[in-house]
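Please read the points below with the structure open beside them. They concern how some of its helices pack and where its nonpolar cores lie.

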Amino acid sequence: MSTLKAPCTMTPEVVSVSACTWEVNGRLPGNGTLPGARGCSGLSWFHINGELKMDDEVAELIEERDHSTDEERAWTSSSHSEIRLHLPTSVLQFQNVKDGKQTGFRRTAQTCLNRIHKAVFHHQWHTAAELMPNYFQILEDNTTRKQRSAGQVIWRMGTAILQHHPNSCIEDINSFAGKMKSIGVKHYLKVCLEYAIHLLCNGKMDEAYRELSLAETWRYGEQSASQQKVLKLIQGYRALIDYYTWVKKNSGVQERGDDAVDSGTAQEMHNYFRQASIGLHDAVQNPGVWDPFILSYVNLLDFYDGFEEALKVLNNYAYDSRFPPNPNAHVYLYEFLKKHGTSPKKLMKVLRVLYQLVPSHELMLEFNSLLLESKKKKHHKEALGVLFCLLDFPTWKENYSTWKCLTKQMKHAIAEGHSDWIKEQWELRQDWWPAFHFSEYRAHKNFEENESYACRKAMIAGILMGKGCKYFIIVYRLGRKVQKAKLKKMRQYVKDHSLLQLSEC
């Protein structure tokens, strides 16, 4: 029988979390021998006080197996010997499902994985940790497809469990990552990258940099060639760390207020700049979403007076068809141009594209202001449409500034004889805006919270639907007790300029 050797420093509570670091006969999981392998007849062992003991629950399962029915024996017969994982009876009972395409071994492993998924979904980290070592046996599956996917599944699930389990520590994750690298070379760089990101999230920047540097030099024949995309990510993250190091040193210089930086410091900063800029430049040449990398690269170029080059990078990121549509790309371009005092015409051009992608973006109020600054009527009409679009979204539904702007611009459009602009927008929304914005409940609630705000909405509701709409009537009745003159004036304006009145004319 195989013997299991657990690290002697672990407490009983941590053993289940770090079971993935166990050795079998002195070998690591990467060579195909794992806890609970076929040679162990499905026995589950654990380490307490320096002794190896068999789990009582597994002993009971073995005793139950000896008394199994003829039907169960017939079901388990296959080319593989019978496997019983360390699972609760509630899991093992599903083995009675008949499926000619799956052996008992694969069916039990899949049931185990389903239970792990459920435990992780419900944040039951202890349960997931107890089940996880049993799933390792899937690595012994003799089909190529299963072997190819098993390592990645174990890495993903195991990492999530270790990162959230209350008894795990950084040493457990370090050991787990090291073992996962030995399972197979097909996902080697992915494991390295995600492990480095975990180190970064825990503030271990130097360790993450070393991990990325080692991964960048990794070569394994065709396997390394097939992972070039991941390699680009690794190079990008390493360059990102160089950028943060440069930022930190530059901030130190700025805080000291040194007018003249000594040659050694200047050379060191330039070296970090060169390493970061080369790595970031190479990374962002590949199609994808590179937001933090783009920002870092542009900041570097801008600091060293590379305005034209930085602008070219941002334009490519926003408009190059090789890159997926990304609203942030247009936000970065707009903010960069605004910072350098670009003309309103160019700023409007950038925001117009963003408006088409995300009409509810917070920059749309700035887009509205830029359109109003123009002397062209088509821009004023577009500005009105931008406000109507904003109010289509729940996030802007109760935004006072937006309703205030809409009131002002609707009055201006009416005064200029362009009520048709308002009518055009209203026809697109008349089926659902009354219930969305102008219900009786909303009228009472708005008036209680802010009388001025409710009156502005009431005026808009009256212009769009006439003085007979419920929202206008309720606000008018509630408001005339305290603001009689103002409400009377508003009522007369609505009577003269509502879309219904214009239609009758």
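1. Helices α20 and α21 are oblique to each other, because their axes cross at roughly 130 degrees, an angle that belongs to neither the roughly antiparallel range, over 145, nor the roughly perpendicular one, 65 to 115. Please note that this is a predicted model. The two axes, of α20 (residues 400–415) and α21 (residues 419–427), come within 7 Å.

2. On the α20 side, the contact is made by Met410, Ala413 and Ile414, and on the α21 side by Ser419, Trp421 and Ile422. Of these residues, 5 are nonpolar and 1 is polar, with no charged residue.

3. Met410 and Ile422 appear again in the largest nonpolar core, which has 84 residues; they are listed with Leu406, Phe438, Leu464 and Tyr471 as the residues with the most contacts inside it. Helix α24 (residues 451–465) gives the largest share of this core, 10 residues.

4. What does methionine 410 touch, leaving aside its neighbours within four places in sequence? Its contacts are Leu384, Phe388, Ile422, Ile460, Ile463 and Leu464.

5. Another core, of 41 residues, lies apart from the largest one; Ala109, Ala129, Leu139 and Trp155 are among its members.

6. A second helix pair deserves attention. The axes of α9 (residues 188–201) and α10 (residues 205–216) come within 8 Å and cross at roughly 165 degrees, and the two helices are therefore roughly antiparallel. The crossing is left-handed. Residues in this contact include Leu189, Cys192 and Tyr195 of α9 and Met205, Glu207 and Glu211 of α10. The contact as a whole divides into 11 nonpolar, no polar and 2 charged residues.

Terms used
Residues are numbered from 1 along each chain as its sequence is written. This is a predicted model: local features need pLDDT of at least 70, side-chain atom pairs count only at pLDDT 80 or more; totals for chains, interfaces and linings use all residues. Side-chain values use heavy atoms; hydrogens and water are left out. Axes are lines fitted to C-alpha atoms, for helices over the stretch in contact, and angles run from 0 to 180 degrees between N-to-C directions. Helices (H or I, at least four residues) and strands (E, at least two) are DSSP runs, numbered from the N terminus. Angles under 35 degrees count as roughly parallel, over 145 as roughly antiparallel, 65 to 115 as roughly perpendicular and the rest as oblique. A crossing is left-handed if the near helix is turned anticlockwise from the far one by less than a right angle, and right-handed if clockwise. Contact means heavy atoms within 4.5 Å. Ala, Val, Leu, Ile, Met, Phe, Trp, Tyr, Cys and Pro count as nonpolar, Asp, Glu, Lys and Arg as charged, and the others, Gly among them, as polar. A nonpolar core is a set of buried Ala, Val, Leu, Ile, Met, Phe, Trp, Tyr and Cys residues joined through side-chain atoms within 4.5 Å. Buried means under 20% relative accessible area, exposed over 50%, partly exposed in between (1.4 Å probe, protein chains only).
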